[in-house]
Structures are given as structure tokens and as C-alpha cells.
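Ready for some practice in reading a structure? Take the exercises below one at a time, and try each task before looking at its solution.

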Amino acid sequence: MCSCKSGEQAVDHILYDCKLLEQERDSLKAAALRTENWPVSKKKLINKFNNNFKKFTNNITLDKLQTIIVTSTNLYIEQGIVAEIM
Ligand SMILES: [Zn+2]
């Protein structure tokens, strides 16, 4: 269970739903909304909005959440898996 108590602590939750990260998510969302509709796929976030995405992960102050998302996305990039991060 996530610290926000409203979902599982998985990548999708942290990226799109977690209430603890609303502020961090807003700038990523604003950048994406210039050219895309929200929610933007994880693949697009990583490939097209990489700078904003990195900012988002760097701004996450909850260590545990940041570890989950950084580890998962690094795995994703290394393996070049297209469909899903997890
Ligand atoms: Zn949460």
C-alpha cells in the first residue's frame, strides 16, 4: 500500500494517481499538455518528455517512491521494453 493510502505503490499509481505527488506531477503534466493529451503513456513520457520526466522523478522527495520509479524506468530504458515499464 502506498503512503497516500489510496492505491498500490506501483509505477502507474505514482505517475498518474498518487495524491502525494500532485505538485510534482503538475509541471510534467503542463509540459506534456502542450502537445499531448493527459494521461500520456509511460513510453512517451520517457522518450518524448525525458527532461521533464527526470525533473519529476528528481522532485519526488519520498525516497521509497523515487526508488520505485527510477528503478523501473531505468529497467525500461535498458531493456527497451515497449509495452510496459513493470
Ligand atoms: Zn500514493
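**Exercise 1.** In this predicted model, find where Lys5 sits and decide whether Lys5 counts as buried or exposed.

*Solution.* Start with the location: Lys5 belongs to the segment before α1 (11-17). Next, look at its backbone: phi is positive, about 65°, although Lys5 is not a glycine. Finally, count neighbours: Lys5 has 8 C-beta neighbours inside 10 Å. A residue with 12 or fewer is exposed, so Lys5 counts as exposed.

**Exercise 2.** Work out how α2 and α4 are oriented to each other.

*Solution.* Begin with the axes: those of helix α2 (residues 22-33) and helix α4 (residues 50-59) come within 9 Å and cross at roughly 175°. Angles over 145 degrees count as roughly antiparallel, and therefore α2 and α4 are roughly antiparallel to each other. Now see who meets whom: Glu24, Arg25, Ser27, Leu28 and Ala31 in α2 meet Asn52, Phe53, Lys55, Phe56 and Asn59 in α4. Sorted by class, this contact has 4 nonpolar, 3 polar and 3 charged residues.

**Exercise 3.** Which residues of α2 are buried, and how are they placed around the axis?

*Solution.* The buried ones are Glu24, Arg25 and Leu28. They cover an arc of only 90° around the axis, so they lie on the same side of α2. What covers them includes α4. Turn to the other side of α2, and you find Glu22, Gln23, Asp26, Ala30 and Leu33 exposed.

**Exercise 4.** Locate Pro39 and describe the peptide bond that joins Trp38 and Pro39.

*Solution.* Pro39 is in the loop between α2 and α3 (42-47). The bond from Trp38 to Pro39 is cis, with omega about 0°.

Conventions. Residues are numbered from 1 along each chain as its sequence is written. This is a predicted model: local features need pLDDT of at least 70, side-chain atom pairs count only at pLDDT 80 or more; totals for chains, interfaces and linings use all residues. Axes are lines fitted to C-alpha atoms, for helices over the stretch in contact, and angles run from 0 to 180 degrees between N-to-C directions. Helices (H or I, at least four residues) and strands (E, at least two) are DSSP runs, numbered from the N terminus. Angles under 35 degrees count as roughly parallel, over 145 as roughly antiparallel, 65 to 115 as roughly perpendicular and the rest as oblique. Two residues are in contact if their C-beta atoms, placed from the backbone, lie within 7 Å. Ala, Val, Leu, Ile, Met, Phe, Trp, Tyr, Cys and Pro count as nonpolar, Asp, Glu, Lys and Arg as charged, and the others, Gly among them, as polar. A residue is buried if 20 or more other C-beta atoms lie within 10 Å of its own, exposed if 12 or fewer, and partly exposed in between; C-beta atoms are placed from the backbone. The arc is that of the directions from the helix axis to the C-beta atoms.
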